[in-house]
Amino acid sequence: MNKMLSLLESLTSDNPDSVAKAMAADFRKRRIEKNFTREQVAERSGVAVSNIVRFEQKGLISLKNLIGIAMAMGYTAEVKHVFSEAKYDTMEELLQIRKNRGRTRAHKK
C-alpha cells in the first residue's frame, strides 16, 4: 500500500507546497537517523524549536533557517550548491545559457 501511495505521489506534478513538504519529510528522516532531537538541531543551528516543528509539520521555514538546519545536519554543500549547475530542458535553453554565460544582468526579450 505504501509503495502504491509513493508511486502516485511521484506522478503528481510538483508545486512549491509539495516540494516543501517532501523536503520537510526528508529532513525529519535524516534527523531521526542521526538520532537528533528537535531541541538538539535547534541548539546546533540557532533555529528556534518552534520553527523546526513548523517545518516538519507544514513544510514552512525561512530560507535562512533552512540553511541553518541544513548546516547543522551536515548538508552545507548541498544547500550552498543548489543553483551552481546550469539546468536546461531544451537545446534552445542550452544555447541561451551558453550565450549568456558571464553576463551579470538579464535583458528583456
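Here are short questions and answers on salt bridges and a surface patch in a predicted model.

Biologist: How are residues numbered, and what limits apply to this predicted model?
Modeller: Numbering starts from 1 along each chain as its sequence is written, and side-chain values use heavy atoms, with hydrogens and water left out. Local features need pLDDT of at least 70, totals for chains, interfaces and linings use all residues, and side-chain atom pairs count only at pLDDT 80 or more.

Biologist: How many salt bridges does the structure hold?
Modeller: A salt bridge is a side-chain nitrogen of Lys or Arg within 4 Å of a carboxyl oxygen of Asp or Glu. The structure's total is 5.

Biologist: Is Glu 56 buried or exposed?
Modeller: Buried means under 20% relative accessible area, exposed over 50%, and partly exposed in between (1.4 Å probe, protein chains only). Glu 56 has a relative accessible area of 11%. So Glu 56 is buried.

Biologist: Which residue meets Glu 56 in a salt bridge of 2.7 Å, N to O?
Modeller: The partner is partly exposed, with a relative accessible area of 23%. The partner is Arg 38.

Biologist: Which residues are linked with Arg 31 in a network of salt bridges?
Modeller: Arg 28 forms a salt bridge with Glu 56, with the closest N and O atoms 3.7 Å apart. Glu 56 also meets Arg 38. The residues linked with Arg 31 are Arg 28, Arg 38 and Glu 56.

Biologist: What is the relative accessible area of Ile 67?
Modeller: Ile 67 forms a nonpolar surface patch with Leu 63 and Met 71. Ile 67 is partly exposed, at 31%.

Definitions and conventions:
Patch = residues over 30% accessible without salt bridge, like charges linked within 9 Å, V, L, I, M, F, W, Y side chains within 5 Å. Areas by Shrake-Rupley, 256 points an atom, 1.4 Å probe, with all protein chains shown as cover.
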